[in-house]
Amino acid sequence: MKPELLAEYEVQCQAFLAAEEGVDVAHDLSHIFRVVKVAKQLANEEKANLAVIVPSAWLHGCVSFAKNHPERSKASTLAADKAVAFLTSIDYPEVYLDAIHHAIQTHSFSANIAPESLEAKIVQDADRLDALGAIGVARCMQVSGALNRALYASEDPFCVARTPDDTLYSIDHFYKKLFCIAKSLNTASARLEGRRREKVMRTFLTQLAVEI
């Protein structure tokens, strides 16, 4: 697809998202913009198809449930369905729609569906990278605040002698999930960036330990 045509479709995706109301504070438009940016970078590095990746990245969160919502595991499938319906309405080339549906459906942790195409792997990587680094720390605290979780367990803040419980403590989420992300990323480019971002988070915890 020609870059100028893809850019026109991007404008329509942005307008569609601007009219939607999200429910998850960590999956706002700022999150979408970051995922799109990283997905484009990974696509260029991995030589993937931007005609699939760009709309998938823009629309991956068009249906979003809060972290503690009982149907959160269904959100990415609902988002994929909604995205394809929208793209069909704006005459996006049909040849890409199945691949876009798959990329959106498989991006989510909660869905637990393995991505099969390079494009789906890149969209998943871009979304997961946004849970790491300085922005990952900020988003973790943002969600934890919304769910009224304590920052850490006073008796063992860094899970040295206990099993992490991120339903109670923000810092536990680093050990239960966030520090598992870098090694789970699909592409070489994403794994490299993931390791860099994880170091930022570990530096944060080192400083937090000093202050505690």
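# A tour of an all-helix chain

Let's begin with the contact map: among contacts in the chain between residues at least 6 apart in sequence, 65% join residues at least 24 apart. Keep in mind on this tour that you are looking at a predicted model.

**Stop 1: the whole chain**

Show the chain as a cartoon and colour by secondary structure. There are 9 helices and 0 strands, so the element string, read from the N terminus, is α-α-α-α-α-α-α-α-α. Next, switch to the C-alpha trace and align the view to the principal axes, where the trace spans about 55 × 35 × 25 Å. How does the radius of gyration compare with that of a compact globule of 212 residues? The chain has 18 Å, in agreement with the value near 17 Å for such a globule. If you colour by accessibility, buried residues come to 48% of the 212 in the chain.

**Stop 2: helix 3**

Select residues 50-59, which form helix 3. How many of its 10 residues are buried? The count is 9, so this helix is mostly covered. To highlight the buried residues of helix 3, pick A51, V52, I53, V54, P55, S56, A57, W58 and L59.

Now bring in the surroundings. What do those buried residues pack against? Their partners are helix 1 (3-18), helix 2 (29-46), helix 4 (75-89), helix 5 (97-105) and helix 6 (118-129). Give each partner its own colour and leave helix 3 in sticks.

**Stop 3: the start of helix 3**

Zoom in on N49 and A51. A side-chain oxygen of N49 comes to within 2.9 Å of the backbone nitrogen of A51 at the start of helix 3. Stay with A51, itself part of helix 3. Is A51 buried or exposed? Its relative accessibility is 3%, and buried means under 20%, so A51 counts as buried.

Which residues does A51 touch, once those up to four places away in sequence are set aside? Select M1, L6, Y92, Y96 and I100 to see them. You can also draw a C-alpha to C-alpha distance from A51 to I100: the two are 49 residues apart in sequence and 8.8 Å apart in space.

**Stop 4: V123 in helix 6**

Move on to V123, which sits in helix 6. With a relative accessible area of 0%, V123 is buried. Beyond its neighbours within four places in sequence, V123 is in contact with I53, S56, A57, A103 and H107. Three of the names may look familiar from Stop 2: I53, S56 and A57 are among the buried residues of helix 3. For a longer line across the view, join the C-alpha atoms of V123 and N44: they lie 79 residues apart along the chain and are separated by 13 Å.

**Stop 5: A80 in helix 4**

Select A80, a residue of helix 4. A80 also has a relative accessible area of 0% and is buried. Where should you look for its contacts? Leaving out residues up to four places away in sequence, A80 touches H101, I104 and Q105. A distance line from A80 to L97 reads 9.6 Å between C-alpha atoms, for residues 17 apart along the chain.

**Stop 6: two loop residues**

Open a Ramachandran plot beside the viewer. Most residues other than glycine have a negative phi, and most peptide bonds are trans. Against that background, select K47, which is not a glycine yet has a positive phi of about 60 degrees. K47 lies in the loop between helix 2 and helix 3. Its relative accessible area is 69%, so K47 is exposed.

Then jump to D91, another non-glycine residue with a positive phi, here about 65 degrees. D91 is placed in the loop between helix 4 and helix 5. With a relative accessible area of 62%, D91 is exposed.

**Stop 7: helices 7 and 9**

For the last stop, select residues 133-146 (helix 7) and 188-211 (helix 9). Two packed helices are described by the angle between their axes and the distance between the axes. Here the axes come within 7 Å and cross at roughly 55 degrees, which means that helix 7 is oblique to helix 9.

Which side chains should you show at this crossing? In helix 7, pick G133, A134, I135, G136, V137 and M141; they meet R197, V200, M201 and F204 in helix 9. Coloured by class, the contact has 7 nonpolar, 2 polar and 1 charged residues.

Conventions: Residues numbered from 1 in each chain as written. Predicted model: local features only at pLDDT ≥ 70, side-chain atom pairs only at ≥ 80, totals over all residues. Heavy atoms only, no water. Axes fitted to C-alpha atoms, helices over the stretch in contact; angles between N-to-C directions. Helix = DSSP H or I, 4+ residues; strand = E, 2+ residues; numbered from the N terminus. Parallel < 35°, antiparallel > 145°, perpendicular 65-115°, else oblique. Contact = heavy atoms within 4.5 Å. Nonpolar A, V, L, I, M, F, W, Y, C, P; charged D, E, K, R; others polar. Buried < 20%, exposed > 50% of the residue type's maximum accessible area, 1.4 Å probe, protein only. Polar contact = N/O pair within 3.5 Å; in protein donor to acceptor, adjacent residues only side chain to side chain. Rg over C-alpha atoms; globule rule 2.2 N^0.38 Å.
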